[in-house]
Amino acid sequence: MGSEEESTVKEPLDLIRLSLDERIYVKLRSDRELRGKLHAYDQHLNMILGDVEEIVTTVEIDDETYEEIVRATRRTIPFLFVRGDGVILVSRVESSLTAKLTPSYLEVIDDSGGCGAKFSIVIVTEQFEGKRLLERHRMVNGAVAEEMKEIHALSITKLSLQSSGNNSRNLKSLKQLLKS
C-alpha cells in the first residue's frame with residue numbers, strides 16, 4: 001500500500017518527485033531545451049540537473065533570400081541550476097522510453113510550441129528486430145502509456161538497428177533529423 005501511494009500522481013509536483021534521479025526533458029523560455037538527470041527540485045520548480053545537454057534554437061532571416069535559417073546550438077554541462085520561473089514544460093517521455101526500450105538512438109522533439117502535448121519521437125532499438133510496424137508502435141505507446149494521458153499528438157519513427165541501416169530512405173530521414 002505504501003509503495004503504491006509513493007508512485008501515485010495526485011498533485012503536479014508529484015510528477016517531478018517521481019522523476020528524481022531520472023533523465024527528464026525541460027523546455028525553457030527563449031527556445032532553450034534541457035535534457036538531464038534530475039537531482040533536486042523545490043516548490044518553485046527550481047531544479048538541479050546533472051549530465052545536461054542544452055539545446056538553444058535560433059532563427060535568423062537571410063538578408064538576400066529572406067529565408068529562415070534555423071540553428072540549434074548544443075553544449076553539455078556537468079551540473080546546472082535551473083530557475084523555475086523560466087520553465088515551460090517538464091516531461092518524462094525520454095526517460096520512460098530509455099528505461100523500457102533501451103534504444104541505441106533516441107530523439108524526443110517537442111513540436112507543441114511549448115504546451116508539451118505534441119511530440120515527435122525517433123527511436124532505434126534492437127527490441128524492434130523481427131517486429132511488424134504495428135507491434136513497434138504498440139511497444140512505444142506502452143512505454144509512454146502514463147505520459148500519453150497528457151499528450152494529444154505523437155509522431156513516431158520506429159527503426160530497428162537492421163532497418164535503419166538497410167532502408168536508405170529511413171536512414172536519410174534520420175540523418176536529416178540529426179543535422180537540425
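**A walk through the fold**

The protein has 6 helices and 8 strands. Keep in mind that this is a predicted model. Start at the N terminus and follow the chain. The elements come in the order α-α-β-β-β-β-β-α-β-β-α-β-α-α.

Now take the protein as a whole. The chain has 180 residues, and 38% of them count as buried. Its accessible surface is about 11,100 Å². Carbon and sulfur atoms account for 50% of that surface. Next, consider how the chain meets itself. Take the contacts between residues at least 6 apart in sequence: 50% of these join residues at least 24 apart.

Let us go inside. The largest nonpolar core contains 16 residues. Which of them touch the most other members? They are Val93, Leu97 and Ile123. Four elements each give two or more residues to this core: α3 (93-101), β6 (105-110), β7 (118-124) and α4 (133-143). There is also a second, separate core, made of 15 residues. Among them are Ile16, Ile24, Leu49 and Val52.

Return to Leu97 in the largest core. What is Leu97 in contact with, leaving aside its neighbours within four places in sequence? The list begins with Thr102, Pro103, Leu106 and Val108. It continues with Ile121 and Ile123, and ends with Val140, Ala143 and Val144. Find Leu97 in the structure and look for each of these partners in turn.

Aromatic rings come next. A search of the whole structure finds 1 aromatic pair. Its rings belong to Tyr25 and Phe119. The ring centres lie 6.4 Å apart. The planes stand at 80 degrees, so the pair is edge-to-face; the cut-off for that label is over 60 degrees. Where do the two residues sit in the chain? Tyr25 is in strand β1 (residues 23-28), while Phe119 is in strand β7. They are 94 residues apart, so the pair links distant parts of the chain. Are these residues buried or exposed? Buried means under 20% relative accessible area. Tyr25 has 1% relative accessibility, so it counts as buried. Phe119 has a relative accessible area of 2%, so it is buried too.

Finally, move to the outside. Val59, Ile61, Tyr66 and Val70 make a nonpolar surface patch of about 450 Å². One of these residues, Ile61, belongs to strand β3 (residues 47-61). Its relative accessible area is 48%, so Ile61 is partly exposed. A residue counts as exposed over 50%.

Note on methods: Residues numbered from 1 in each chain as written. Predicted model: local features only at pLDDT ≥ 70, side-chain atom pairs only at ≥ 80, totals over all residues. Heavy atoms only, no water. Core = buried A, V, L, I, M, F, W, Y, C linked by side-chain atoms within 4.5 Å. Buried < 20%, exposed > 50% of the residue type's maximum accessible area, 1.4 Å probe, protein only. Contact = heavy atoms within 4.5 Å. Areas by Shrake-Rupley, 256 points an atom, 1.4 Å probe, with all protein chains shown as cover. Phe/Tyr/Trp six-rings, centres within 6.5 Å; stacked < 30°, edge-to-face > 60°. Patch = residues over 30% accessible without salt bridge, like charges linked within 9 Å, V, L, I, M, F, W, Y side chains within 5 Å. Salt bridge = Lys/Arg side-chain N within 4 Å of Asp/Glu carboxyl O.
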